[in-house]
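These are my notebook entries on a single protein chain. I record below what I looked up, entry by entry.

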Amino acid sequence: MADSSNITLQTKEPSLGQIQIAPEVLEIIVGIAVSQIDGVNRMRGTISSSVNELFGRKKNLGKGVKLTIVDSQISVDVYAYLDYGVSVPKVALAIQDKVKQQILFMTDLALSEVNVHITGIVTEKTESAIDPNNLFGDEDTTADENEDGEES
């Protein structure tokens with residue numbers, strides 16, 4: 001998702017050399033920051049990242065994040081699923097604030113924009129009312145059985 005060129009940090013003091021950050025590092029920082037926000041259920045991933053996670057391979061912490069660098073301006077697009085019942089605008093603003101704050105704190109880079117794309121709402125799982133041992137509901141589960149397994 002990220003551009004192939006590294007980002008060079010500008011330092012105010014004389015240094016021993018350049019400091020470069022791979023765009024993938026910024027994607028991971030953004031992904032972790034977003035996943036820590038209340039109301040965010042998960043990030044949108046690709047089919048290959050879902051299959052990799054299914055087979056127990058390394059989780060892609062940068063999934064659901066697209067980084068764009070144009071003329072030294074960095075913009076981030078975040079694609080997330082939210083929990084049902086949360087305030088979408090409040091969570092989206094929290095995502096924007098947290099992402100800008102974490103990138104600035106960890107890399108001293110200022111983002112030009114943080115675009116939040118809510119790709120879905122995830123509802124809570126409900127308990128099934130169907131008993132898997134009695135699918136059709138026609139068995140009498142209250143019948144007493146004697147020691148031989150016969151009904152009395």
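**Entry 1: Thr-107.** I looked up the burial of Thr-107 and found a relative accessibility of 5%. Thr-107 therefore counts as buried, since the class covers residues under 20%. The model is a predicted one, and I read every value here as computed from it. I placed Thr-107 in helix H3, which covers residues 88-107. I then followed its side chain, which reaches the backbone oxygen of Ile-103 at 2.5 Å. Setting aside residues up to four places away in sequence, I listed what Thr-107 touches: Leu-9, Ile-21, Leu-26 and Ile-29.

**Entry 2: the largest pocket.** I next turned to empty space. The largest pocket holds about 330 Å³. I noted 16 lining residues, of which Ile-7, Thr-8, Leu-9, Ile-74 and Leu-109 are the closest to the centre. Two elements give two or more residues to this lining, strand S1 (7-9) and strand S5 (73-83). Strand S1 supplies the largest share, with three residues. I sorted the lining by class and obtained seven nonpolar residues, eight polar residues and one charged residue. Leu-9 thus appears twice in my notes, once among the residues closest to the pocket centre and once among those that Thr-107 touches.

**Entry 3: Asp-77.** Is Asp-77 buried or exposed? I found a relative accessible area of 12% for Asp-77, which is therefore buried under the 20% cut-off. Asp-77 lies in strand S5, an element already entered above for the pocket lining. I asked which side chain Asp-77 pairs with through a polar contact. The partner is His-117, at 2.9 Å between the two side chains. Leaving out neighbours within four places in sequence, I recorded contacts from Asp-77 to Gly-64, Val-65, Lys-66, Thr-68, Asn-115 and His-117. I also checked Val-114, whose C-alpha is 6.0 Å from that of Asp-77 although the two residues are 37 apart in sequence.

**Entry 4: the whole chain.** I closed with totals. The protein chain has three helices and six strands, and I read their order along the sequence as β-β-α-β-α-β-β-α-β. Of its 152 residues, 28% are buried. I took the contacts between residues at least 6 apart in sequence and found that 64% of them join residues at least 24 apart. The accessible surface of the chain comes to about 11100 Å². Carbon and sulfur atoms account for 49% of that surface.

Notes:
Residues numbered from 1 in each chain as written. Predicted model: local features only at pLDDT ≥ 70, side-chain atom pairs only at ≥ 80, totals over all residues. Heavy atoms only, no water. 1 Å grid on protein atoms, 1.4 Å probe; cavity = no way out; pocket = protein on both sides within 12 Å on 5 of 7 lines; lining within 4 Å. Points joined across faces, edges and corners; volume = space filled by probe spheres on them. Helix = DSSP H or I, 4+ residues; strand = E, 2+ residues; numbered from the N terminus. Nonpolar A, V, L, I, M, F, W, Y, C, P; charged D, E, K, R; others polar. Buried < 20%, exposed > 50% of the residue type's maximum accessible area, 1.4 Å probe, protein only. Contact = heavy atoms within 4.5 Å. Polar contact = N/O pair within 3.5 Å; in protein donor to acceptor, adjacent residues only side chain to side chain. Areas by Shrake-Rupley, 256 points an atom, 1.4 Å probe, with all protein chains shown as cover.
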